[in-house]
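Biologist: I should like to go through this structure with you, one question at a time. Please let each answer end on the value or name that I ask for.

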Amino acid sequence: MPKKRTRTKGEALLGFLILAILVLIGVMVFLQQFQFNPAVTAHRILEGGMEQFSSDLPSTLVPLPDNFTGMTPLESFTPETLYEKINGQADFYLASGFLGLKSQRYVHTDNQDMWFEVFKYDMGTKENAFAVYSQQYREDGLPLQWAEFAYYAANALFFVHGQDYMEMRASSTSDDLVAAMHEVAKKYVASHQNPKL
Amino acid sequence: MGIRTVRRITQGFFLLLFLWFCAASNLGEQWWQLRGWPINWFLQLDPLVGLGTLLSTHTLYSGLLWGLATVALTIILGRFFCGWLCPFGCIHQMVGVLGKRKIKIRDRIKLNRYRRSQGIKYWILVFLLSAAAGDLLTFVINTPTRRTTVFWFLVICALLFVGFKAAQKEDVQPRKAMIIVLGIALLWALLCRFADIQVLLPVTLQTGLLDPIPLLYRSVNLVILPPLDSAGFHLNPSERIYDGVWTVGLVFMTAILLNLFVPRFYCRFICPLGALFGVLDRFSIWRVQKKDMEACKDCRLCEQNCEGACQPSTQIRISECVLCLNCLDDCPHGLMGYGTRPSVTGEFLSPDVSRREFTVALIAGVISVPMIRLNGHIGPNWNPDLIRPPGALREEDFLTRCIKCGQCMRVCPTNVIQPAGLSSGIEGIWTPVLNFRVGTSGCQFNCIACGNVCPTAAIRPLSLDERLGVNDFSENGPIRIGTAFVDRNRCLPWAMDRPCIVCQENCPVSPKAITTQIQFSVIHKDNVLTAKGVDALEIQLLNGGFIPERYATGDYYLRMDGQNDESALQPIISNTEDTLAVSVSEKSVGVLSKDTAIDIVIRLQKPVVDPERCIGCGVCQHECPVKGKRAIRVSAENETRNRDHRLLL
Amino acid sequence: MLHLIKIQNSDSVGRREFLTRCTKAGLSLTTACALAYWFYDPMAPSGRQKVDVLPGLPDYSVPEMGNRMAIVRGTDRAKTIRLALEAIGGLERYIRPRDRVLLKVNAAFASPPMLCATSHPDLVTEIARLCLKVGASSVIVADNPINDPASCFALSGIEKAAREAGAKVVLPRRDSFRYFTLEGGLLIREWPLLYAPLQSVDKVIGMAPLKDHHRSGASMTLKNWYGLLGGRRNIFHQDIHNIIKELSMLLKATFVVLDGTATMMRNGPTGGSLSDLKETGTMIVSTDPVAADAYGASLLERTLDELPFIKKAEAEGVGMSDYASLNPKILTTD
């Protein structure tokens, strides 16, 4: 049967427009899936052992040397509350599958000016943790050996531990403080030998 | 690329996207799991979900706003949703193509002729919406008492209108018309003065029964995917079971197979969503049109693949056209187009439904709800076996929102959420209910998945804090979905003197909602055992006949006659057919002499539920080793969602 | 409903049709958007049930009469009640002309009058008659019984008695209840109470038979207010003394009548046998329900320690358990 209808330019254009919309929808859906459903986050907490909801919280995030003590209570942040802690930078972590942040500050028992803060970002997977690690890598960083991915820059330590991306920031670059911080990090890695992957 | 190809691509895209959403609806953060996939998007785009809940709850919940986009596009473009987006429509169309194979063109044209019975879908739409519109009707009927000014205004308007008509036309009798108007006004006023309309017209949302999007979600979630899970695709880690789901399957299968007789059978005759679009698209700016009458040879080839059966060859029925645009290519003379001008052969704009049909459907819908409610399942006759998921609203509110889409049942990690049969009345069919016999455990007490995927908040989205009653919610306590009751006639320790307490061990609440009472029971009551010889810690018995090691479980104790003192009990550590060995203790068995009467006593921990702590999660019921009718069972007593069901002060 | 567009030939007609259609589509679109905007609700419902809660009831007492109590011996209820009412100052000083009066009887069970599980019809008749005699505009009789309301009022003889005296029985209906929260209360919180009869009256007279009660120890004038509770009130059996206390704080009656003509000594509150009854031949009328109950306890041969609700109500300032301090008038009809 002969087809008499000739296709106009308009029709082709409309077709492409529609296909473009489909691509757009696909992209939107893809982007949307990074915004985790609260159920998924809760599920993660469930697998993480309900720490947040049990009364016997570990008092510190990391093993401390004798001359350091907790300066602030251990704080927890969810994807909904992350911005309270790190403001605009939250989006960066959220886009990489962020699940939870725990942070705490530790201070030297004799010197109130010597303190450091630990940030433990639970990124869900090792890949996600590496993604935020690599994207923030400082060019001037000194690679460290005690973990697969770790470096030191200025006053801070950065490393990947299992599905966690860890940051430790010191209040100054004083050698004692930095050395203490390194010790803490090494001990932490050593004492958490089987991180969740 | 022709527009028809684009349409096929679009349909395929949306069908795959839909299937992907269903497949990804399992709890987890892998790319193929729930993550943040907008799995409810199709439900949200479905304006019948939005309209239905708008009528029944006076709110348009969150994501349902997407429905507005669909409505807007339908008003402008026509029923694009049916022909381009609807995944159910896509399936119908594909199966319909199979059905059309080897059928002559003449017969195809006949298959796609317009049928009067295509009006049935409008009846269904009106019926379902009027069942959800009780509140709206109450609002209207209560006008004379609640909004007296409006009422008088309306009466005066009506009288003026009648007068105006009478002045215009000779054949209207003004007196008769006035009497009719006043009579109606009087009846109206009396009705709302002396009847409690609110009680008279309850509301139920039943659009989900036939609304294609919830229907397809439900069918795919509960019928299609579970066998795939079992067959090794393992989208879900465990085998999925859904109680009574054959009814869902039957509806689905019927809808699909009917396409082999008439293409798009469901869309043409049943689909209430299509009907809604058919009402909305009467003013559409663009529409399918015949462009030239003279060149048309009336061959009707344009109808050979017409999906909507909208008779494009003659007066096209705009309300039936699903924009498949097949007629554009099928017309050998290129006469069909899609544009802003009406068809040259004329158009039918409105659905083919008579006023009488409309009224009958409306009245049937309005009446059916109070009729269903007569069995009192919302009130005193509530069913204690109806355990709704945590966060479910009070039953009457729940039934104004649930669209039976099965998303909660699919996402539930333990498979404990099941489609209800008739446990919440006929209106509750396929709504979520917990069945602790099924699934991998009870309702996980720190899971909030069901409420966070519910598209209509029939199960509201709880935070973990609210579910557990901590932090901001510590005053409210945890969400309870029921209370466990020990059936002491079936429980092993209570009824049969056997140690067990599986329920107590599994109770996830902290501190545990199941505690135990320790009691000692004498075994061998009737034949008192007598010591034959005592050798250190081992006692020879005259009359043994034990099963070796039967009493070596640590639960059994030896008691010398007469001594009722608990501290005098000696734990048995092993036994043979006729000896019992006890563990070393300060009170040596040396005091035992020959011929002493001996009892064997079991130490039982008997489970007791603390109703103040129990949240009804059903883990105990699921784990209870009395597998038939469980010895500990949850019923909806004390559920948080209804204060009238509370058990304790 | 069929709507057929005529075939258009001329361009101007076509254009006009198109413009009309666009306008209509635009209007539909606007309506849809407006509706969606209006009803849009980004939040899920909270799950809390919203109820309208009333804070308390009016005070039905007559303060200027002070605390008065009368104890009258005799077996004829009509005679004893008349004498008792005179002794507390005369009914006309409590019921003003055109007052609307509620008799809160005990009609809890569908049992015959002779078993004394419910208020006695003779007493209902007499009090209703007297109220109307002193000028009350209407007398209504109400309770929220445990058994089926209609049969309770019928079988207890109260309905007939009320009708004969010109009073009206008001049966509880679904819409007769309102939610109440007692300030400082722990139990009466957003709880439904039989409000419709209370709402429409100026004076309330509590009428209670003197009975044993298995759960609370005794059912007298304070326990009588339990009959106003709606909803699933039997969960209050978990804390019976405190609910009686809270009810006594909520409702201040004009006066109470405790009918101890025959006392149900055991198997209360239903009784069921004449052998459960003891002829105690006493009618108590008091503006202080605590005092009335304290005296009733002695007829029931119970100590106040066995009936904690009396002391609890007293501690809340509802009345005095030391009834002697009211100087009750003790009279006899014989």
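Biologist: How many residues of domain 2 of chain A are in contact with domain 1 of chain A?

Modeller: In this predicted model, the domain assignment of chain A gives domain 1 as residues 9-55 and domain 2 as residues 58-191. Domain 1 of chain A brings 5 residues to the contact, and these divide into 2 nonpolar, 2 polar and 1 charged. On the other side, the number from domain 2 of chain A is 7 residues.

Biologist: How far apart do the C-alpha centres of these two domains of chain A lie?

Modeller: The distance is taken between the C-alpha centre of domain 1 and that of domain 2 of chain A. Its value is 29 Å.

Biologist: Which helix of chain B gives the largest share of the side that touches chain A?

Modeller: The contact takes 33 residues from chain B and 33 residues from chain A. On the side of chain B, helix 1 (3-23), helix 18 (326-330), helix 22 (449-453) and helix 23 (464-468) each supply at least two residues. By class, that side has 21 nonpolar, 9 polar and 3 charged residues. The largest share, 6 residues, comes from helix 1 of chain B.

Biologist: Which element of chain B gives the most to the side that touches chain C?

Modeller: Here chain B contributes 42 residues and chain C contributes 35 residues. Strand 1 (60-61), helix 4 (66-77) and strand 5 (347-348) of chain B give two or more residues each. The side of chain B divides into 22 nonpolar, 9 polar and 11 charged residues. The element that gives the most, with 5 residues, is helix 4 of chain B.

Biologist: Which residue of chain C stands opposite B:Leu60?

Modeller: Strands of a sheet pair through backbone hydrogen bonds, either parallel or antiparallel. In this case strand 1 of chain B and strand 2 (residues 40-41) of chain C run parallel and are joined by 2 bridges. The residue of strand 2 of chain C that stands opposite B:Leu60 is C:Tyr40.

Biologist: Which are the edge strands of the open sheet with the order 3-8-9 in chain C?

Modeller: This open sheet has 3 strands and mixed pairing. Strand 3 pairs with strand 8 (residues 177-180) of chain C in the parallel sense over 2 bridges, and C:Val53 stands opposite C:Tyr179 in strand 8. An edge strand pairs on one side only, which is true of strand 3 (53-54) and strand 9 (191-194) of chain C.

Biologist: How many of the residues of helix 3 of chain B are buried?

Modeller: A residue counts as buried if 20 or more other C-beta atoms lie within 10 Å of its own. In helix 3 (residues 47-57) of chain B, the buried residues include B:Pro47, B:Gly50 and B:Thr57. The helix is followed by B:His58, whose phi is positive, near 60°. Helix 3 is mostly covered, and the number of its buried residues is 11 of 11.

Biologist: Which residues touch the most other members of the largest nonpolar core?

Modeller: This core has 160 residues. Leaving aside neighbours within four places in sequence, B:Cys408 is in contact with several residues, including B:Pro389, B:Ile417, B:Cys450 and B:Ile459. Apart from this core lies another of 90 residues, among them C:Met69 and C:Cys116. In the largest core, the residues that touch the most other members are B:Cys408, B:Ala449 and B:Cys450.

Notes. Residues numbered from 1 in each chain as written. Chains lettered and ligands numbered in written order. Predicted model: local features only at pLDDT ≥ 70, side-chain atom pairs only at ≥ 80, totals over all residues. Core = buried A, V, L, I, M, F, W, Y, C linked by C-beta atoms within 7 Å. Buried ≥ 20, exposed ≤ 12 C-beta atoms within 10 Å, placed from the backbone. Contact = placed C-beta atoms within 7 Å. Helix = DSSP H or I, 4+ residues; strand = E, 2+ residues; numbered from the N terminus. Nonpolar A, V, L, I, M, F, W, Y, C, P; charged D, E, K, R; others polar. Pairing = 2+ DSSP bridges. Domains from an automatic or database assignment.
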